[in-house]
Amino acid sequence: MPYKFNKVYSVSVEPDDFLLLNETGFEQTIQLTEGQLLMFDGMSMRDNWRALGVDWLVDPSIAHQNLKKPDIAGLGASTIVVSPKYSPLFLNGFSKNVELLECNLEGEKWFAFNVVGFDKALSEEHSIRNIKNGKPSRIRKFKKMVFEKSAIENPELFRVREAGLRYFTTDATNSLYSIVQEHGIKGLYFHEIETI
């Protein structure tokens, strides 16, 4: 059976090269007061979303003063956020499982990616879990992670429950990887994942 893609990639940001975003202190206070902490946990947030205030998370150390402003930035450890310059590429039918949620960065509209649901793409048979002292490692869950191509339902951008907070994409037309490569968008790194 032919697939719409050849390769699968994990998506990551590089905090040593690019600035990261964080919710403003005001946003965090509101969430704590209302008991509604922001969680990108695979559930839809579109109906209850209000524009989220975000700021650059700046490390005051000298080593981090030369960080570049990305086109797509990490928002904490939970998601990525696209700048106004490139958001039109994702706002019109990017993927059926991705909600783009408005964020306010110093008066600019950025959009956070919320991936709804999980693809069941992990091949347990071919993957090797990282076991430390008889327990699965919480930091690096796999020594070798292998996905089944036939189980990937959302080649544009998806998550796999067993892989934690990580996002994945493919080289399919209109995938996150393809759009980033085609337009020279800065801020993301892609690492190929083995597939069967």
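The following dialogue explains how to read several features of this predicted model.

Reader: What should I know about the numbering and the kind of model before I begin?

Author: This is a predicted model, in which local features need pLDDT of at least 70 and side-chain atom pairs count only at pLDDT 80 or more, while totals for chains, interfaces and linings use all residues. Residues are numbered from 1 along each chain as its sequence is written, and side-chain values use heavy atoms, with hydrogens and water left out.

Reader: How is a nonpolar core to be read, and which residues of the largest nonpolar core touch the most other members?

Author: In soluble globular proteins, nonpolar side chains tend to be buried together. A nonpolar core is a set of buried Ala, Val, Leu, Ile, Met, Phe, Trp, Tyr and Cys residues joined through side-chain atoms within 4.5 Å. Buried means under 20% relative accessible area, exposed over 50%, and partly exposed in between, with a 1.4 Å probe and protein chains only. Here the largest nonpolar core has 22 residues, and those touching the most other members are Ile72, Phe90, Phe113, Leu157 and Leu176.

Reader: Which helix or strand supplies the largest share of this core?

Author: Helices (H or I, at least four residues) and strands (E, at least two) are DSSP runs, numbered from the N terminus. At least two core residues come from each of strands S1 (8-13), S5 (79-82), S6 (98-105), S7 (108-115) and S14 (188-195), and from helix H3 (176-183). The largest share, four residues, is that of H3. Another core, of 17 residues, lies apart from this one, and Val54, Ala73, Leu101 and Trp110 are among its members.

Reader: How does one describe a pair of aromatic rings, and how many aromatic pairs are there?

Author: A pair of aromatic rings is described by the distance of the centres and the angle of the planes. Rings of Phe, Tyr and Trp (its six-membered ring) pair if their centres lie within 6.5 Å; planes under 30 degrees apart count as stacked, over 60 as edge-to-face and the rest as tilted. By this rule there are twelve aromatic pairs. In one of them, tryptophan 56 and tryptophan 110 meet edge-to-face, with 5.6 Å centre to centre and 85° between the planes. Tryptophan 56 belongs to strand S3 and tryptophan 110 to strand S7, so the pair ties together parts that are 54 residues apart in sequence. Both tryptophan 56 and tryptophan 110 are buried.

Another edge-to-face pair joins phenylalanine 94 and phenylalanine 113, at 6.1 Å centre to centre and 90° between the planes. Phenylalanine 94 is buried at 4% relative accessibility, and phenylalanine 113 is buried at 0%.

Reader: Is aspartate 71 buried or exposed, and what does its side chain reach?

Author: Aspartate 71 lies in the loop between strand S3 (52-57) and strand S4 (72-75). Its relative accessible area is 15%, so aspartate 71 is buried. A polar contact is a pair of N or O atoms within 3.5 Å; within protein, one must be able to donate a hydrogen and the other to accept it, and residues adjacent in sequence count only if both atoms are side-chain atoms. The side chain of aspartate 71 reaches the backbone nitrogen of lysine 186 at 2.7 Å.

Reader: Where is serine 178 placed, and what does its side chain reach?

Author: Serine 178 is in helix H3 and counts as buried, at 18% relative accessibility. Its side chain reaches the backbone oxygen of alanine 172 at 2.6 Å.
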